[in-house]
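Okay, thanks for coming, everyone. I'll put the sequence and the structure up, and then I'll walk you through a few spots.

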Amino acid sequence: MKLALLLTAIDPNIGGVIIFGHRGTGKSTAVRALADLLPPIAKVSGCLYGCDPKRPEEFCGDCAARSRDRVRLKHDLRPVPVVDLPLGATEDRVCGTLDIERALVEGEKAFEPGLLARANRGFLYIDEVNLLEDHLVDVLLDAAASGRNIVEREGISISHPARFVLVGSGNPEEGELRPQLLDRFGLFTRIETISDLDQRVEIVRRRERFERDRASFAEEFAAEQSDLRKRLNRARVLLPRVKLDRDLVFRIAELCVALKVDGHRGELTMSRSARAVAALEGRRAVSVQDVKSVATMSLRHRLRKDPLDRIDTGSRIAEAVAQIFEEIGSTRLAAIR
Ligand SMILES: [Zn+2]
């Protein structure tokens, strides 16, 4: 789960993450913790959508108008937003509301921004995504994929930048997500309750220390936190220069064929994620190990479910990976290794 979240922080194009697992396993805590790891971002001052002053092509109507009028846009630094989408949120609350009467008279001012506006350039977290209406999940995935939120009503249309990483958590016992929706999340991770006694005790003790004195607890992990922050930042800078060998792409495609993955999102996600892993490790070339480490989380939710199949999809992927990437005598792969 942590690796998947870090990878999307390095490359938001990987798409969202879906975290399936038991309640009380730290899913939302992990997502909220991302904000502290990422450097603050520059936002146009006074803009409701947090437009990026360096990307005028993505400006909201307001910023675009101001820059057309040659108003010098000021900006300030703000933390990366991590926005919670509460269960039962309406489409209006999510996408924003358009006041038709006022819109006819005043134009864009009649738009009341929703959660998508707040999540722009950050993360949008949905707890229990499988309890959300499919239609709303669809809207969210559309906005996440296009980077814009478009609200249309009675012939009036308003759009604003909404570039965010969607993170959904779900409990497998509470209803399934349609496969068409699952496939549109970049990565899939499962998290289980820990059964190791020592680790369980350690969780209780850490939680107690945290509740007793938050500042000194944070201090305990300050060095680790700062190391991770530096690694993430370096990885984001390094990412565009990370090379993925053609032979490895070939193997990735071969793996998707072997597992009968529909469409091409599987290999795209795997390639991007493997690049992000290499960047996180501070390397300029993707290794076989990088690809193997992201195979399950990139493909698990894209496998067709066979009701008669008793093997877990995770182990099916592991088997196929072993076959395709461990072929003895493959000199081409040995060279990459
Ligand atoms: Zn703006």
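So, strand E10: Val165, Val167 and Ser169 point one way, Leu166, Gly168 and Gly170 point the other way, and all of them are buried. In a regular strand, side chains alternate between the two faces of the sheet. E10 covers residues 165–170, and six of its six residues are buried, so the strand counts as mostly covered, with buried meaning under 20% relative accessible area. Keep in mind that this is a predicted model.

Now, which strands pair with E10? Strand E1, residues 17–21, pairs with E10 in the parallel sense over four bridges. If you want a spot to click on, phenylalanine 20 stands opposite glycine 170 in E10. E7 is also joined to E10 by four bridges, and those two run parallel. There, isoleucine 126 stands opposite glycine 168 in E10.

Let's zoom out to the sheet. What is the strand order in this open sheet? There are five strands, ordered E4-E7-E10-E1-E11, and the pairing is parallel. The strands at the edges are E4, 82–85, and E11, 187–191; each has a single partner strand, so one side of each is left without a neighbour in the sheet. From one strand to the next, the twist averages 20°. The partner of E4 is strand E7, residues 123–126, and they pair in the parallel sense over four bridges. Valine 82 is the one standing opposite phenylalanine 123 in E7.

While we're at E7, go just past it into the loop that leads to helix H8, 134–146, and you'll find glutamate 128. Its phi is near 55°, so to speak a flag for us: a positive value in a residue other than glycine. Is glutamate 128 buried or exposed? Glutamate 128 is buried, with a relative accessible area of 14%.

There's another residue of that kind to look at, arginine 70. Phi of arginine 70 is near 60°, again positive in a residue other than glycine. Arginine 70 also sits in a loop, between helix H4, 61–68, and strand E3, 75–78. Arginine 70, though, is exposed, at a relative accessible area of 77%.

Okay, on to the helices. Take helix H13, residues 246–258, and helix H15, residues 288–299: their axes come within 12 Å and cross at roughly 30°. That angle makes H13 roughly parallel to H15, because anything under 35 degrees counts that way. The crossing of these two helices, H13 and H15, is right-handed. What meets what here? From H13 we have Leu248, Ile252, Leu255 and Cys256, and they meet Val288, Val291, Ala295 and Leu299 in H15. By class, the contact of H13 with H15 has eight nonpolar residues, no polar ones and no charged ones.

H13 also meets helix H14, residues 265–280. The axes of H13 and H14 come within 9 Å and cross at roughly 140°. That makes H13 oblique to H14. The H13 and H14 crossing is right-handed too. On the H13 side, the contact is made by Ile252, Ala253, Leu255 and Cys256, and on the H14 side by Gly266, Glu267, Met270 and Ser271. The residues of this contact of H13 with H14 divide into five nonpolar, two polar and one charged.

Let me stay with H15 for a moment, for serine 298, which is found in that helix. Serine 298 counts as buried, at 0% relative accessibility. What does serine 298 touch? Leaving out residues up to four places away in sequence, serine 298 touches Gly186, Leu187, Thr269, Met270 and Ser273.

Last stop, leucine 6, in helix H1, residues 2–10. Leucine 6 counts as buried, with 12% relative accessibility. Again leaving out residues up to four places away in sequence, leucine 6 touches Leu37, Leu228, Leu232 and Leu280. And how far apart are leucine 6 and arginine 229? In sequence, leucine 6 and arginine 229 are 223 residues apart, and in space they are 10 Å apart, C-alpha to C-alpha.

That's my tour. Happy to go back to any of these spots on the screen.

Key. Residues are numbered from 1 along each chain as its sequence is written. This is a predicted model: local features need pLDDT of at least 70, side-chain atom pairs count only at pLDDT 80 or more; totals for chains, interfaces and linings use all residues. Side-chain values use heavy atoms; hydrogens and water are left out. Two strands pair if DSSP finds at least two bridges between them. Axes are lines fitted to C-alpha atoms, for helices over the stretch in contact, and angles run from 0 to 180 degrees between N-to-C directions. Angles under 35 degrees count as roughly parallel, over 145 as roughly antiparallel, 65 to 115 as roughly perpendicular and the rest as oblique. A crossing is left-handed if the near helix is turned anticlockwise from the far one by less than a right angle, and right-handed if clockwise. Contact means heavy atoms within 4.5 Å. Ala, Val, Leu, Ile, Met, Phe, Trp, Tyr, Cys and Pro count as nonpolar, Asp, Glu, Lys and Arg as charged, and the others, Gly among them, as polar. Buried means under 20% relative accessible area, exposed over 50%, partly exposed in between (1.4 Å probe, protein chains only).
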